[in-house]
Amino acid sequence: MATMKDIAEKANVSIATVSRVLNHDPTLSVGEDLKKRIFDAAELLGYKKHWEKKPKKRLRIAIVQWYTESEELNDMYYYAIRVGAEKKMKDKQHEYTRIFQKLDKKNGQKIDGIIAIGKFSEEQRKQLQQWSSTICFVDDPHSPPTSDAVVADFNQATISALAHLTEEGHTKIGTLVGEEHVFDSSEVLVDPRYERFHSYMKSKGLFETKYCYKGSFSVDSGYQMMEKAIREWKEDLPTAFFCANDPIAVGALRALRDHGIEVPGRVSIIGVNDSSVAKYVSPSLSTVRVPTELMGETAVSLLEEQLLDRRTVAKKVTLATELVIRESSGEYKW
């Protein structure tokens, strides 16, 4: 293996000069010809520079989940984000602590940064910033402009699902969405999937308010919303429904099955998330895959950039989604 001494002999210069040139010492004043001679000698001899790797600092990170533990288990979307973050931190040997919903559980723990998963009120954000100024918000479209954030592209997710349904000939399309609000407020948060559904369908001249149903992001709510639509529209039921997440879509499938309505022969269903159950329900669920674990992993990487690499400019990362077509959606034949 070539050394700096070999390069110095080849280029007919001192070892110190070789070292300063190869390390791009800004205080060194030598001609470009000499620099070229040293770099050419290094390349000819196959010299490879070995940087001494400094061990990275182990971080102490708090994962703040806006859900309770029981709510998280009913919505695997946020669970998967948290799991992705925890796996990454274990790989990097960082320490972490979990806090579910109530921020008063922090008990004065000393931390380096926070991964805040979900939607937080202005008051909650202030509480988080008092605990640590280094925060990455995950799945909060209204995160402060001065903080890092990771979100999924729900706009594209909605468009890809609706484009597929319209290409299959569906013109009467309904939607089943969930409504959320932050822990300390009664304000209802607007779902970006519903906003995009409204704008896309309106642009196609197909939007009908009467075909839009709002509930919660759960299987039971999906069942109830679809059953209400079946009762209200009977033979005039829309031929397709876009559901804001997979649990809603699974509930909708059960309601259609219980009423003897064929899927996708009479009604097509598309969900969002591509949760583990999507491929195993019957019929298997068409859905939009959201990279939930990658969202958690990315949040950890962003915190590392802030805390270890000293990045000071806030970064917003939007992760792409992917339409996955299975048995629950098909060509309109009625």
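Which residues does Asp 112 touch, not counting residues up to four places away in sequence? In this predicted model, the contacts of Asp 112 comprise Lys 57, Arg 58, Leu 59, Arg 60, Ser 132, Thr 134 and Leu 307, with residues up to four places away in sequence left out of the count. Asp 112 is located in the loop between E2 and E3. Its relative accessible area is 14%, and because buried status applies under 20%, Asp 112 is classed as buried.

The strands on either side of this loop, E2 and E3, both pair with strand E1. Strand E1, formed by residues 60–65, is mostly covered, with five of its six residues buried. Six bridges connect E1 to strand E2 (residues 95–100), and the pairing is parallel. Within this pairing, Ile 61 has Tyr 96 of E2 as its bridge partner. Strand E1 is also paired in the parallel sense with strand E3 (residues 113–117), here over five bridges. In that case Ile 63 is found opposite Ile 115 of E3. Arg 60, one of the residues touched by Asp 112, belongs to the residue range of E1.

A further set of parallel pairings involves strand E5. Four of the five residues of E5 (residues 148–152) are buried, so the strand is largely enclosed by the rest of the structure. Strand E4 (residues 135–138) is joined to E5 by three bridges, and the two strands run parallel. Strand E11 (residues 316–319) is likewise parallel to E5 and is joined to it by four bridges. Val 150 of E5 takes part in both pairings: it stands opposite Val 138, and its bridge partner in E11 is Val 317. In a regular strand, side chains alternate between the two faces of the sheet.

The model also contains an open sheet of six strands, arranged in the order E7-E6-E8-E9-E10-E12 and with mixed pairing. Strand E7 (212–215) and strand E12 (322–324) occupy the edges; each has a single partner strand, so one side of each is left without a neighbour in the sheet. From one strand to the next, the twist averages 20°. At the E12 edge, strand E10 (residues 286–289) pairs with E12 in the antiparallel sense over three bridges. Val 288 is placed opposite Leu 323 of E12. Helix H10 (residues 246–258) lies across four strands, namely E6 (173–178), E8 (240–243), E9 (268–273) and E10, and runs at about 155° to E9.

Helix packing was examined for H1 and H3. The axes of helix H1 (residues 4–11) and helix H3 (residues 32–44) come within 9 Å and cross at roughly 125°. That angle makes H1 oblique to H3. The crossing in which H1 passes H3 is right-handed. On the H1 side, the contact is made by Ile 7, Lys 10 and Ala 11, which meet Arg 37, Ile 38, Ala 41, Ala 42 and Leu 44 of H3. By class, six residues in the contact of H1 with H3 are nonpolar, two are charged and none is polar. Lys 10 in H1 and Arg 37 in H3 are the charged residues of this contact.

Technical notes. Residues numbered from 1 in each chain as written. Predicted model: local features only at pLDDT ≥ 70, side-chain atom pairs only at ≥ 80, totals over all residues. Heavy atoms only, no water. Axes fitted to C-alpha atoms, helices over the stretch in contact; angles between N-to-C directions. Parallel < 35°, antiparallel > 145°, perpendicular 65-115°, else oblique. Left-handed = near helix turned anticlockwise from the far one by under 90°. Contact = heavy atoms within 4.5 Å. Buried < 20%, exposed > 50% of the residue type's maximum accessible area, 1.4 Å probe, protein only. Pairing = 2+ DSSP bridges.
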